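Here is a short briefing on one protein model. Start with the sequence and the structure below, then take the points by topic.

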Amino acid sequence: MRNLQNLLFAALGGVLMGLTPDPFSQWWLAWIALIPLWMLAQKLKVKEAIAMGAMWGFCYHGMALFWITTVHPMEWMGVPWWTSFWIATLVWLLITSWGAVLSGLWAAGMSLFTQKLNVTSRVVIACAMFSGLETVWSWGPLYWTALGFTQSPHDLLLLQISRISGQQTMTAAIVAINGLFAEILLHRTWAERRRYAIAAISLLIAIAGYGLWEMQGDRMASSNRQAIKAGIIQGNFPNALTVKPRGWEIAVNNYTKGYEKLAQSGAEMIVTPETAISFLYPNYDARREPFDLAVKKYRVPVWLGGFGTTRNPNAEDPNNYTNSLFLIDGSDKILGQYDKVRLVPVGEYIPFKPILGSLIKRLSPLRGEVDAGSSEQLVDTPWGRFIVGICYESAYPATFRFQTAAGGRLILSASNNSHFASYMSAQHHAQDVARAIESDRWAVRATNTGYSGFVDPNGRTIWLSDVNTYETHMETVYLRDTKTLYVLWGDWLTPLLCISSIAIYTKHRLTEDFG
């Protein structure tokens, strides 16, 4: 009975954290949702703590990532209904379970290393372990629901601290505040409780004060105020039509019409979504000709989402291609190109291919498979260097930081998002908001079905489209050359916390052994 109560208590914390991102958007719960797991980890043995952490993580990640199941049904891809259902469910369970493993490891570390330490030491080690685990998680292909992500796009004031050391700054802050609140409940004397309450409130005030300082005044009025009138075309083209010739005709018509409207309205640059016109570029294709002719007529540079011939000399198949954005202006040369680096499991490459390969067909009409672009590519344009991400890459801060540190002046984010629930699109927009703040850059986000939008360097959404609608919109954005601490030094906080934790624990053990 006691174990069941503990599991339910851990599950409560996970559910509270699961309510923080869209569709619920109760971001403030992140500052208390870790309290149950913290309290349990201070009382339980390692094996029990692992179970509690796994339960917490399964509830959090399972709720936040439930949109993965909305890829079902995939009958339009030729996948039978029940097969589609089990594929979607299996992928959701695998990704959720990976998140549960991480929180289980954190709870085990709390039980093993911190139970005999003072509160300050406990908080430092807790922050180091959670930030460190999230960093390792970000090296793989399944990164999305970091704790810091829970605050975007609604808690812009506190989210400004991500400028200091990236997303892990916010993760560490959430862990620290939760820990101090938990210690209030764990201690019995009013003096101790008052001490930890003051510490928690003081830390929150300090974070908010920093946020106010960053957001005060017109920060756009700083140096390098070069402006661009940027347009977005949201084509609202269902994925089910990508496998039909009639569908390709609709896509070309939608983007040609949107391009002409924005060009006539004075746009200086136009952005289309990921794989907007899903043919090989720059190969000539008669089906794309209306769009090509419009670009030649107006000569307004446009970022065209499509497929490119692989530039990977080690590609296994000569038919392989890249998921790319091409900057073109109707001339014979490509002004800029970005090839997607972070490919989506199942969607763009097939993990466990011998098992799943026969069940899943490609989203594009092309032969071959998607090849990843170079992780060190930089995108130069007539306006200078840009920071570019395609779809899933929005979840990876390091991808954007690398390009910003190398001189990127504006973020371009192109995505599809079709065939998923609308709250997935909201979460995707939240990722781009976080990247804009970390980098101190304007962001232009173009999607197929929404949400498309424009975001300023403080994360404020200047304009946001509806979902599942055809839209065009133009805004003035500004190029910037500023460098945040995160852009300059990367995630320096996590290594510092880890080194401090090792020193703290080593001192504790030496004191125990020789004291």
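Strands β9 and β10 pair in the parallel sense, over 5 bridges. The model is a predicted one. The points below follow this pairing to other strands, then turn to a buried serine, one helix and the aromatic rings.

**Strands β7 to β10**

- Ile 411 of the β9–β10 pairing has Ala 443 as its bridge partner in β10.
- Strand β10 covers residues 443–447, and 5 of its 5 residues are buried.
- Ala 443, Arg 445 and Thr 447 point one way from β10. Val 444 and Ala 446 point the other way, and these residues too are buried.
- Strand β9 (residues 411–415) also pairs with β8, again in the parallel sense, here over 4 bridges. In that pairing, Gly 389 stands opposite Ser 413 of β9.
- Strand β8 spans residues 384–390, and 5 of its 7 residues are buried, so the rest of the structure largely encloses this strand.
- β8 pairs with β7 (residues 379–381) in the antiparallel sense, over 3 bridges. The two strands form a hairpin, with 2 residues between them.
- Across the hairpin, Thr 381 has Gly 384 of β8 as its bridge partner.

**Ser 324 in β5**

- Strand β5 runs over residues 321–328 and contains Ser 324.
- Is Ser 324 buried or exposed? Its relative accessible area is 0%, so Ser 324 is buried.
- Leaving out residues up to four places away in sequence, Ser 324 touches Leu 304, Gly 305, Gly 306, Gly 308, Gln 337, Tyr 338, Asp 339 and Ile 390.
- Ser 324 and Ile 411 lie 87 residues apart in sequence, and their C-alpha atoms are 15 Å apart in space.

**Helix α16**

- Helix α16 has 22 residues (493–514). At 1.5 Å a residue it should span 32 Å, and the 31 Å between its end C-alpha atoms agrees.
- Which residues of α16 are buried? They are Leu 493, Thr 494, Leu 497, Ser 501 and His 508.
- Seen down the helix axis, the buried residues of α16 fall within an arc of 90°, so they line one face.
- That buried set packs against α5 (119–138), α7 (162–165) and α8 (167–186).
- The face turned away from the buried side carries exposed residues: Ile 499, Ile 502, Lys 507, Asp 513 and Phe 514.

**Aromatic rings**

- How many aromatic pairs does a search of the whole structure find? It finds 25.
- One aromatic pair is Trp 248 with Phe 279, in an edge-to-face arrangement. The centres are 5.9 Å apart, with 85° between the planes.
- This pair links distant parts of the chain, 31 residues apart. Trp 248 belongs to helix α10 (residues 245–264), while Phe 279 is in the loop between β2 (269–271) and β3 (280–281).
- Trp 248 and Phe 279 are both buried.
- One aromatic cluster is formed by Trp 67, Trp 137, Tyr 143, Trp 144, Phe 149, Tyr 392, Tyr 396 and Phe 420.

**Charges over rings**

- Tyr 396, one of the cluster residues, has Arg 342 over its face, at 3.9 Å from the ring centre.
- The charged end of Arg 193 sits over the ring of Trp 190, 5.3 Å from the centre of that ring.

Key. Residues are numbered from 1 along each chain as its sequence is written. This is a predicted model: local features need pLDDT of at least 70, side-chain atom pairs count only at pLDDT 80 or more; totals for chains, interfaces and linings use all residues. Side-chain values use heavy atoms; hydrogens and water are left out. Rings of Phe, Tyr and Trp (its six-membered ring) pair if their centres lie within 6.5 Å; planes under 30 degrees apart count as stacked, over 60 as edge-to-face and the rest as tilted. Buried means under 20% relative accessible area, exposed over 50%, partly exposed in between (1.4 Å probe, protein chains only). A charge sits over a ring if NZ of Lys or CZ of Arg is within 6 Å of the ring centre and within 35 degrees of the ring normal. The expected span of a helix is 1.5 Å times one less than its number of residues. The arc is that of the directions from the helix axis to the C-beta atoms. Contact means heavy atoms within 4.5 Å. Two strands pair if DSSP finds at least two bridges between them.
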